[in-house]
Amino acid sequence: MSTVPTTYTELLSAVDAGARAPRAVPVHDPATEELIGYAPQLDEDDLGRVVATARQAQREWSARSEADRCELLVPAAEAIERATEPLAELLSREQGKPLNGPNARFEVGGCSAWTRATAGFELGEEVVVDDGQTRATLTYRPIGVVGAISPWNWPMMISIWQIAPSLRMGNTVVIKPSEHTPLSVLALVYVLNSVLPEGVLQVVPGGPQLGAAISRHEGIDKIMFTGSTATGRKIVEASAPTLKRLTMELGGNDAGIVLEDADLEAIAEGLFWGAFINTGQTCAALKRLYVPDALYEPVCRALTEFARSQPMGIGLEEQNVLGPLQNSAQYDVVDRLVRAAVEDGARVLLGGNPDAERPGFFYPTTLVADIDPENPLVVQEQFGPALPIIRYSDLEWAIEQANALDVGLGASVWSSDPARAREVAARIEAGTVWINGHGGIDPRIPFGGIKSSGFGVEFGVEGLKHVAVPQVING
Ligand code: NAD
């Protein structure tokens, strides 16, 4: 057990491996390209030792009552709260997201909120049949060791979504952060381990090879994965011989459909943040917007006006609400897709002109109108600050377009008529369809994708069931 660091320097020194540590890799700030620190890199032998510890710890952890485990999650949430500022600063430096806006402080706040909420859900024994002749009950037992593999866009929050329910249900956790954001997850785990028993939660920093080793490992019973669809497929294949349980939260290309009766004044800000939260690097962000003829120019104008007023810059500067892309590969994806749109004759309303001299991976807030519905910026996931706005005359066509891709994470319908909006929402193939908003999540409400966006859900009581195995007692 350790004490909770309350300054950035204390927190960084707790997780920084130092330049001379074996296999240490430097971590740079995507806004300034300055060195932040060094992350250790574990290999397959290290993983073997970590999994052995996790299996050992799981016996004692699962023998505790669920109520006991829930009770421990409350001080874990409090530890995160005490370390909010240093955690947010490290997250901002490493991921690039600003401290303010729906960004670093918001993400750390989400970590404590999710931990607390997860401790509070009711999941008791369910009596399935009790008719005088048959009595059957259903309960949920721990699975064993959960291998969690997380991405770089919301590194702390997505990790807590994997960790908190797994621990509550009596599993122990081995988590591998993205190679792009290892320090954020090392720091979060360090803070949580100030209250958790030894061996219950361990972090294994490393790259794709270590992820692949987790997917194959015989001592791991369940994988919770959040990342790209391509990697998800590899994990499904690699985990097949050991028949691991899987939760796959994969990529998306969420459509938003504005209906003709939408109140533009009321929705402009929601449309903007639906698309540009975390500078567009969000799985369930609005990634293609369909607008009817009658509202097309007013929506383009309102979005452009709002977008202009939202400052982008270095995350630690308090006025900023948009930041850089987290890494150069993602910058290149956004740049390539916007170029493809421009070459195809689309109209750039804002942005699209990155400053090559500026340090860091800043891509300006970009809005693209009059774009072909088949353009790559529409049909591929941009995962960055560039939104295509597609004109439509026929709502049936817009619904078809929303459903045309093989992904189905989120979607949204924007209208002043809730009943009509719900009717349209029910026809969209996505795990969640929001009305007059996009991407809002809540620890009580299940969240997950369909089609190539994955399977299994997180959050709420349903999420707890996905990190457990059902047991029926009949008789
Ligand atoms: P990624 O798939 O490249 O990496 C995710 C994690 O997988 C990293 O930790 C990486 O090291 C690991 N990994 C890579 N190759 C592996 C392998 N062969 N076996 C096991 N692990 C491996 O994804 P990313 O670029 O970090 O994240 C962006 C993607 O994630 C986007 O497509 C986005 O839509 C998706 N995403 C989905 C959700 C969701 O809830 N559905 C949330 C956030 C991000």
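## Pockets and the ligand

Student: Which residues lie nearest the centre of the second largest pocket?

Tutor: Phe 106, Ile 277, Gly 439, Gly 440 and Ile 441, from a lining of 21 residues. Bear in mind that this is a predicted model, where local features need pLDDT of at least 70, side-chain atom pairs count only at pLDDT 80 or more, and totals for chains, interfaces and linings use all residues. Numbering starts from 1 along each chain as its sequence is written, and side-chain values use heavy atoms, with hydrogens and water left out.

Student: What makes something a pocket, and what makes a residue part of its lining?

Tutor: On a 1 Å grid over the protein atoms alone, a pocket is an open set of points with protein on both sides within 12 Å along at least five of seven lines, whereas in a cavity a 1.4 Å probe fits but cannot get out; lining residues have an atom within 4 Å of a point. The second largest pocket has a volume of about 350 Å³, that is, the space filled by probe spheres set on its points.

Student: What classes of residue make up that lining?

Tutor: There are 14 nonpolar, 7 polar and no charged residues. Asp, Glu, Lys and Arg are the ones that count as charged, so none of those four lines the second largest pocket.

Student: And where does the ligand go?

Tutor: Its space is the largest pocket, at about 800 Å³. A molecule sits in a pocket if more than half of its atoms lie within 2 Å of the grid points, so the ligand must meet that test here. Of the 34 lining residues, Trp 152, Phe 225, Gly 227, Ser 228 and Thr 231 are closest to the centre.

Student: Which residues come nearest to the ligand itself?

Tutor: Lys 176, Glu 179, Ser 228, Leu 250 and Glu 381, out of 31 around it. Being near takes a heavy atom within 4 Å.

Student: Why is the pair between Ser 228 and the ligand called a polar contact?

Tutor: An N or O atom in the Ser 228 side chain is 2.7 Å from a ligand oxygen. The cut-off is a pair of N or O atoms within 3.5 Å, so this pair qualifies. Lys 176 puts a polar side-chain atom 2.8 Å from a ligand oxygen, and Ala 212 has a polar backbone atom 3.4 Å from a ligand nitrogen.

Student: Which element gives the most to the ligand shell?

Tutor: Helix 8, with 4 residues. Helix 8 also supplies the largest share of the lining of the largest pocket, 5 residues.

Technical notes:
A polar contact is a pair of N or O atoms within 3.5 Å; within protein, one must be able to donate a hydrogen and the other to accept it, and residues adjacent in sequence count only if both atoms are side-chain atoms. Helices (H or I, at least four residues) and strands (E, at least two) are DSSP runs, numbered from the N terminus.
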